[in-house]
Amino acid sequence: MSTVATTDPASAPVEAFAKLEQNGAALMPLRKAGLARFSEAGYPMLRDEDWRFTNIKPLAELPFRPIIDPLGQELRQDQIDGTTLGQLDADRLVFVDGHFNAGLSQIADQPSGVTVTHLANGWAGLERELGSLSGGDDNPFVALNDAFFTDGAVIRIGDGQRLAKPIHLLFFSAAGADGEAEHIRNWIVAGTNSQGTIIESHLSLGQAATVTNVVTESRIGDGAEIEHIKFQDQSTKAFHLASLHSELGRDARYAFHSIALGGRLSRNNLRMRLTQPGIECVLNGLYMLRGQQLADHHMIVEHAAPHCDSHEYFNGILDDQSRGVFHGRILVQPGAQKTDAKQTNKNLLLSDDATANTKPQLEIYADDVKCTHGATIGEMDDDAIFYLRARGLDTSTAQRMLLHGFAGEIVERIQHDAVREELDELVWNRLEAEHKLD
Amino acid sequence: MLEIRNLQAGIDDKPILKGINLLVNAGEVHAIMGPNGSGKSTLASVLAGRDGFDVIGGEAQYNGNDLLNLAPEERAREGVFLAFQYPVEIPGVNSTYFLRSAVNAIRQHRGEEVLDAMNFLKAVKVKMKELGLGEDFLKRPVNAGFSGGEKKRNEILQMTMLNPRLAILDETDSGLDIDALRIVADGVNRLRCADNAQVIITHYQRLLDYIVPDFVHVLHNGRIIKSGDKSLALELEEKGYDWLIKEAA
């Protein structure tokens, strides 16, 4: 038996833990503590402020089946080639249902100061690192991840090193039974003045109501320049719970892009700690939803040092009965003077039944700062449509152009040329195929 | 080319234009001046077909067509161009893509071959140079984050590329410094020929030093109260509008 089914994740999954213990006894305290935290907290409810717009009841009602061993799903090279970004010139780490697939992965061409591997390749020592950035978080899904993670990427870019190629992490959910849950854990350390692009794709091979629970911890060193692109395009039944915990060093430049297209419910918790001066942190996201989909981006950007900039840009295109949720909390600690924090969330509703919830939250304990936020929810801008029509474009062309532009505004912030171009094309094609304008 | 007869229009039953009569022939430049609130921009909006303005009476014939019955894009394709007083920012829509789509929509309507990306770029770069616009301009989203002067120059660039028969410039001079004003005026003057016409809406005489009009009309309270040649503009510059308004009353 490769999965353990219970209705309640907290009800002592003895068998699962016995197996996980074989992967590294040193990690058992983390796992046990995680399970204990989850037992106490349970699944979040709408009455929890951080979850008030995102009802996870449909997930909580599924049987809980953490995938502990590989399910034996076959994946062929041509399936990877056919996926978005599948042919990108990149080093590739392929995971199926939370387990590394060596045959489909290729890691080469990186300088000697760069380590690209996966957790299960060597558990020793990880107990000192995993949880060190996510540990303070009370998100029940992080607790569950602590308990049940099976594998994930480990990326260490040494001081002054630059990735020769982007690293592309491909996570496939192949599970066929509702409630089967992969727990993925990634650990990223970017050394002083290091540089590189890391891409994370989450894709489904089947149509079951699978669960992806991914926790990524990243420590971005002084002067490092890292671009992190997360592309989530799973089946419309899938549940996706992601959590990123980053600590940024002095003068670091970090850009995180979230392109959330798939899933019945996706939630991205972004927790950024700006602990040294001179940091530039960009969080940039696009969600395009239809049917019953829900996408939620929930971020806390903590300015704990002076002279840091953080910018958040999130655009949502919401069709049918879908719901987009944005919660952006900017926390400026005492002493974090000259903070420049900017936040925008724009939602385009293509249907009367679509919903956008947006909640900016500025918490400022320093007096010499610049913090702005803005949110819009609405239909297309009539002035813009008239402007385009006055140049000879018909109404439907004008609407399509604006829709593409609304998405393109986010996609164009991706710095990596090949990734940006491919995602741009994908977004265009998706809009053409799926979001029919009247 | 354009014949406006007793045009009355307004917003929400509130009349703003109260009987405009204007004849614009090919090869002519007309300036429409007037104090704030006289209806200048409403006239421009009604001629371009902006939503929200109701035509209450009168008509506008454009090359034998009932202009007011055409959709905004049909007017544009027939050669009417409005340079906006407040060009709209369209984040995410690339300037090259936008302008090429517009040029080709109009070329197709005229039965001309569409321009491919290369030929378009060749053509647009020449015009950009004339207008003092850097090449990065094409990579930027339409008007997004542009300075006031850049937006106005972008209007003139679009006008130059679309080569309209009737161009209506709605306070294109507002917010421009003297250098930008000269660049914009040069752009308009290069367009002038016997086959087309320009209607310049402006509050100040200044622009008319550079674009010399054949006719000057003074709009007040929704009516043209005085028409003359370019000397009328100079007289207005000197004496203001009040004497005319009193005279008309």
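**Exercise 1.** Which residues have the most contacts inside the largest nonpolar core?

*Solution.* Keep in mind that we're working with a predicted model. Start with the core itself: the largest one has 193 residues. Inside it, the residues with the most contacts are A:Phe95, A:Leu402 and A:Ala407 from chain A, along with B:Leu47, B:Phe81, B:Ala83 and B:Ile168 from chain B. Next, look for the main contributor: that's helix α7 of chain A (residues 395–411), which gives the most to this core, with eight residues. Finally, place the core: domain 1 (14–276) and domain 2 (381–438) of chain A both give residues to it, so it lies between them.

**Exercise 2.** Find what A:Leu402 is in contact with, leaving aside its neighbours within four places in sequence.

*Solution.* Take chain A to begin with: A:Leu402 is in contact with A:Met380, A:Asp381, A:Ala384 and A:Ile385. Then hop over to chain B, where B:Ile90 and B:Val93 are in contact with A:Leu402 too.

**Exercise 3.** Work out how the buried residues of α2(A) are arranged around the helix axis.

*Solution.* First, get the helix: α2 of chain A runs over residues 28–41, and its 14 residues reach 20 Å from first C-alpha to last, close to the 20 Å expected. Second, pick out the buried residues, namely A:Arg31, A:Gly34, A:Leu35 and A:Phe38. Third, sight down the axis: these fall within an arc of 95°, so they line one face of the helix. That buried set packs against α1 (14–22) and α5 (140–148) of chain A. Now flip to the face turned away from the buried side, and you'll find exposed A:Pro29 and A:Glu40. Last stop: α2(A) is followed by A:Gly42, with a positive phi near 70°.

Conventions
Residues are numbered from 1 along each chain as its sequence is written. Chains are lettered from A and ligands numbered from 1 in the order in which they are written. This is a predicted model: local features need pLDDT of at least 70, side-chain atom pairs count only at pLDDT 80 or more; totals for chains, interfaces and linings use all residues. Helices (H or I, at least four residues) and strands (E, at least two) are DSSP runs, numbered from the N terminus. The expected span of a helix is 1.5 Å times one less than its number of residues. A residue is buried if 20 or more other C-beta atoms lie within 10 Å of its own, exposed if 12 or fewer, and partly exposed in between; C-beta atoms are placed from the backbone. The arc is that of the directions from the helix axis to the C-beta atoms. Two residues are in contact if their C-beta atoms, placed from the backbone, lie within 7 Å. A nonpolar core is a set of buried Ala, Val, Leu, Ile, Met, Phe, Trp, Tyr and Cys residues joined through C-beta atoms within 7 Å. Domain bounds come from an automatic or database domain assignment.
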